[in-house]
Every structure is written in structure tokens, then in C-alpha cells.
Amino acid sequence: MKLFAKSLGLRLMASELKVMFTRRRTWAMLAAIALIPILLAIAVALSSERLSPGEGPPFLAQVTQNGFFTGFTAMLLALPLFLPLTVAVVSGDTIAGEAGLGTIRYLLIAPVNRVRLLVVKYLASLVFILAGTFTLMIAGALIGAALFPVGPVTLLSGDTISIFEAFGRMALVALYTTVSLSGMAAVGLFISTLTTVPVGAMTATLVTSGVSNILGNIPQLEWMHSWLFTYYWLDFADLMRVPIEWSSLVSNLVLQLGWIAVFGALAYGRFTTKDILS
Amino acid sequence: MVELAIKTSQLTKRFGDQAAVDGIDLSVPKGSVFGFLGPNGSGKTTTIRMLLGLAEATEGTIELLGEEVPKRIEQILPKVGALVEGPAFYPFMSGRNNLLRIDAADRFADQKTTEARVESALNRVGLANAAKKKVHAYSLGMKQRLGLANALLKPRELLILDEPTNGLDPQGTREVRNLIRSLADEGITVFVSSHLLSEIEMLCSHVAVMSAGKIVAQGKIEDLRNEEPTRLILATDEADAAIDVLKSEGLGKSRIRGLQIITEVENDFDVAKLAAVLVSKNIPIREIRLEKPSLEEKFVKLTGEGFEVVR
Ligand SMILES: Nc1ncnc2c1ncn2[C@@H]1O[C@H](COP(=O)(O)OP(=O)(O)OP(=O)(O)O)[C@@H](O)[C@H]1O
Ligand SMILES: [Mg+2]
């Protein structure tokens, strides 16, 4: 058993997570993510009279009728910019951060195999994304329950699901978003192997998601839209139907795996041959 | 044939068209304390990076502890402790947690003994009292000590230390010197780069001197020093008579510096015999001694006087 854990590198993984969650930055980002549904709910609570159905982003009108919609609405608001920002910070920092501090040379002569380090770094950034998306959904549920009535949730399809089932959908949305962002994290990992300046890698990674969003909004580039890693980001709404519309989750997963494969390979190619001179 | 802990042949590293390391043949005998000298920018750190598999050699081969680098690097490194271009740690974690982190990265480290090994490494470098402090609150010398603790996390066969006393106070410098000595006594080979010639002189059995990417001298420290002439220093009130005696004893030209007469002599020159002759001729002796050539003189001779970095 222990040998098994050893060969999987669980000890390094645990240590990686410990480093990540020792950083104040990580907690600050999670707190900021939690703040999104909180601010949203407060704003809606203060101005609920003036909002007619259909106005504002989808779900916003439902928030006042059922607090459980807070999380879903906040996710819609956070997806274009804020969540990608945190993903850019974490994934851009993976290798470049260690290189900037110089700790990478001590990790490599510890010794840790370069491929193993790359894999662990990537998995740790996925753990962060998971923590971020769940933080958002949980904070949404809590503040929604505090400020608005809660009860069985009436979905877009008109069906009603129990509170218990609603929690399941929330978890599903958090997982879906984690999948959505996993391709971008791979891009960030690759960019991170290119530099010893973490801020540069973070910015470049954020730029890729911005560019992807922009390309996705140019109708003339329709042919490439379904290849963009941002393409299915907002389609988590499909998980809020009865029966659940799984097809977008599956297509998303396939797309993201493609991005992971390509940029994982690029990161591998770059990092395993790189001279560590920082 | 001595066994070698480090052996490179024609090791070269080019950055663009500059050869930072230019075809060096290092031979570091097992069990030696090997001083790696050279002015700023002469290629010491670059060499160390290649030895540890951090940077790829442009040309040439490396053997560490009898195995090939970089092919067998993962088998070799657990036996090697190193400090490269200064210490580097996560500033937001404590000294102890930093060491635990690096130990966790080492797949070959025994997890059961981690805590004990970290404690003993911290004790060994005198950092036990500051182990819980975050590294961003460490002074330069404390970070340097933590770097050494990291190199000593496991029993090692070879230590590669890039300027280990950089930033240390006099006590710390002395401690590190004693530490290196005690490690050497345990049979560990220590390869240490430094600018502090006096340090190296006190510590090392062997040295190599780098200059602009090339090794300009290498060998036992005694042999290197003996390439420079030993000087006889004789102070007397009767200089002329004394110089006559020196001539009759077959010694070469002398210089006069104040009361002192300075003459180059063989390394094994017999001072006692000369003193006896002088006394028998009633020449008063205020001072008579041999001055061994210093490493610094040799170093400056080998690497040039200039203060500017060569490139
Ligand atoms: N990443 C790099 N890119 C280009 N040139 C480099 C790089 N790193 C080092 N060099 C060059 O290689 C040469 C040797 O540098 P190195 O760091 O090995 O010197 P050093 O002997 O360790 O000097 P010091 O005593 O100052 O530590 C220098 O001329 C330096 O400019
Ligand atoms: Mg150096």
C-alpha cells in the first residue's frame, strides 16, 4: 500500500497542496470567489422590486424566488473573467513560480523527476479549481438561503426538483466548471515552463482565455468556435434540465482533454529539456 | 589510481556564442575537500549546474560517483547534497516546513525518518531555534544555513557547495568550516566553490582554479602553492655582511625591504643551517624565517590582476 502511494507520488502531491494552501494568496482568491455570490445576493436583495423577469443575466430573476439560484447566477457572472483570472494565477505560477523563487533547482536535485513534478503541479492546479468552483457554489447556497426563500427548485425545463437534488446539481455544475477550466490550466502550465517570471506567465495565460472569448464572439470565425477551450463554458445550464442534458458535458470533456493532451505534451517537451538557470 | 567522485572531460557549456565553461577536465578524488576557485563569471556555478543535471552540457561528459550524468542522474542525486547559487526557499513557509517540502519531493527518502532527519539537519547548522520562523523573516546567513541543512537532509557521499559561507557572520563561517571538516572526516567528498582564498586554504586538500571558463590550474593545494617560490626573510642590522653570506651559500639575488633581506629559495631550504652560519660569523639576527607562497598570490597570477569581470 505504502509502496503504491509512493510510486504515485502522493507524498509530493500532499506537499504541493500544503504549499498551495499555506499561501495567503490562495485563500485570498477563494475568499474573493466566495464574495461574488455574496455581493450578487446583497445587490439583488436591495433592489429586487425593480427587476422584472427576463431582465439582467439568466437566472437573476429566479434568485429572489429561490435562493438556490444565487450560486448558478454567480457562476455565470464569474466564468468570463474572474474564475479564469484565478486559474491564470495558479496555473501560470506552477513552474514559473518555482523558477522565480529558485526552489525549482532544489526540487529537481532532491531529486524529483521532471515529468512527475509537471503532473503533480497540474493536478494541484485542478484541485485549486475544484476548490474555487465549490467555494462559489457553497457560498451561493449559503447566502441565498440566508437572504431569500428556499425550497424545491423549478428548473428551466419547468420541472421541479427537491432541495436535496438541487444540491446534487450544484455539485455537478462545480464539476462541470472544473472540467471547463482544465484545458486553460494546461495552457497555463505550458506557458509557465517558458519563463522564470510568474507574473508574465499569469498574464499571458489570462490573455489566452480573453482571446479565446473574443474569437468565440466573432461570427465570421464560426468554424473555429467549437475548438476554443471557452466554447462550452456557459453550457452548464444544460445540467439544469430534467432529464439532464449530458451531451454538452461529454463534448466539453472531449474538447478539454484535447487541450490537455496538446498543451501537456508541449509542456513536457519544453520542461524536460529545459536548462534550469534561475 | 585514485577513485574519483567527480570526473568531467571536455565539459563545455555555451550560451549563444559565449563558452561559459570551455572544455574543462575536472578530477575530484573521493574523500577530498576540493576547492573550486575562480573570479566572478568564470563559470563555477554553470559547471555545478551541469554536474547536478540542472543544465545540459553542450559538449563533454560527466561522471558523478562513478555513474554517468545525466543518464543516471536520479540514481546519483540521492547520494549528493548541494547548494547551488545560494539558497532558495518558499518565503511564506517556516524553515522546517521548507525542509519537509524538499524531503517530500525526494521519492527515495524514508518517510518514517523525515522528522528526525529534518531536526538533526537543523541542529547541525544551528538553526533549531529559528526553525518555526517563516523564511521571509530569515537573515541572509540564516537562509544560507537552511540551504546547508537541506544539503544535509540525508546521509550523503558527495556534497557540492556553491559559496557556502556567503553572507555568514564570523561565527557562522567558522561553524561551516568545522562542519565541512567533520563531514570530510566522515569520508564525505566535499566540492566547494568560493572566492575566499583563506577559507579554501584552511579547508581544502585539492583545488582547481577557473578563469574565463577554463581550468588554469588543478591539483593538490600543496603542489599548486609550491609552484611559487618560497621566500627567505632575514632581518639584520648588518645587511651587507649577511648578503655576502647568502651569496656564499649559493643563494640568488636578494631584495632589501627596510631591515629585511628577501631571497627566493628552494621549498625545502634549511633555515636552521643558515642561521647557524650567520651566528658563527657574528651577524646579529633579528628575524629569520621562510615565507610560504600564499594561495592568493598564485590565484592572482593565474587569473590576472584586473578587477573588471573578464566578460
Ligand atoms: N542564463 C545565462 N545566460 C547567458 N549567460 C549566462 C547565463 N548564466 C551564466 N551566464 C554567463 O556564464 C558565465 C559564467 O557564469 P557563472 O554563473 O557560472 O559564474 P561564476 O563563476 O559562478 O561567478 P560568481 O563567482 O559570480 O558566482 C558568465 O559570463 C555569465 O554571464
Ligand atoms: Mg556563482
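Reader: Over how many bridges do strand E12 (residues 230-235) of chain B and E15(B) pair in the antiparallel sense?
Author: The model is predicted: local features need pLDDT of at least 70 and side-chain atom pairs count only at pLDDT 80 or more, while totals for chains, interfaces and linings use all residues. Residues are numbered from 1 along each chain as its sequence is written, chains are lettered from A and ligands numbered from 1 in the order in which they are written, and side-chain values use heavy atoms, without hydrogens or water. Strands (E, at least two residues) and helices (H or I, at least four) are DSSP runs numbered from the N terminus, and two strands pair if DSSP finds at least two bridges between them. For E12(B) and E15(B), the number of bridges is five.

Reader: Which residue in E15(B) stands opposite Leu234(B)?
Author: Strands of a sheet pair through backbone hydrogen bonds, either parallel or antiparallel. Opposite Leu234(B), in E15(B), stands Ile288(B).

Reader: Why is one side of E13(B) and of E15(B) left without a neighbour in the sheet?
Author: The open sheet has four strands in the order E13-E14-E12-E15 (chain B), with antiparallel pairing. Strands E13 (254-257) and E15 (287-291) of chain B have one side without a neighbour because each stands at an edge, with a single partner strand.

Reader: At about what angle does helix H10 of chain B run to E15(B)?
Author: Axes are lines fitted to C-alpha atoms, for helices over the stretch in contact, and angles run from 0 to 180 degrees between N-to-C directions. Contact means heavy atoms within 4.5 Å. Helix H10 (residues 271-280) lies across E12 and E15 of chain B, and its angle to E15(B) is about 155 degrees.

Reader: Which are the edge strands of the six-stranded sheet?
Author: This open sheet has the order E7-E8-E9-E4-E10-E11 (chain B), with mixed pairing. The strands that pair on one side only are E7 (80-83) and E11 (214-220) of chain B.

Reader: Which residue in E8(B) stands opposite Ala82(B)?
Author: E7(B) and E8(B) run parallel and are joined by four bridges. In E8(B), the residue opposite Ala82(B) is Ile160(B).

Reader: About how much area do chain A and chain B bury between them?
Author: In contact are 31 residues of chain A and 38 residues of chain B. Buried area is the accessible area (1.4 Å probe) that two parts lose on being put together, summed over both. Of this area, 57% is on carbon and sulfur atoms, and the total is about 3,200 Å².

Reader: Which residue of chain B meets Glu16(A) in a salt bridge?
Author: A salt bridge is a side-chain nitrogen of Lys or Arg within 4 Å of a carboxyl oxygen of Asp or Glu. Between chain A and chain B the count is four. In one of them, at 2.8 Å from N to O, the side chain of Glu16(A) meets that of Arg101(B).

Reader: In which loop does Pro111(A) lie, and where is the cis bond before Pro70(B)?
Author: Most residues other than glycine have a negative phi, and most peptide bonds are trans. The bond from Ala110(A) to Pro111(A) is cis, with omega near 5 degrees, and Pro111(A) lies in the loop between H7 and H8 of chain A. Another cis bond joins Val69(B) and Pro70(B), with omega about 5 degrees. Pro70(B) is in the loop between strand E6 (67-69) and helix H2 (73-76) of chain B.
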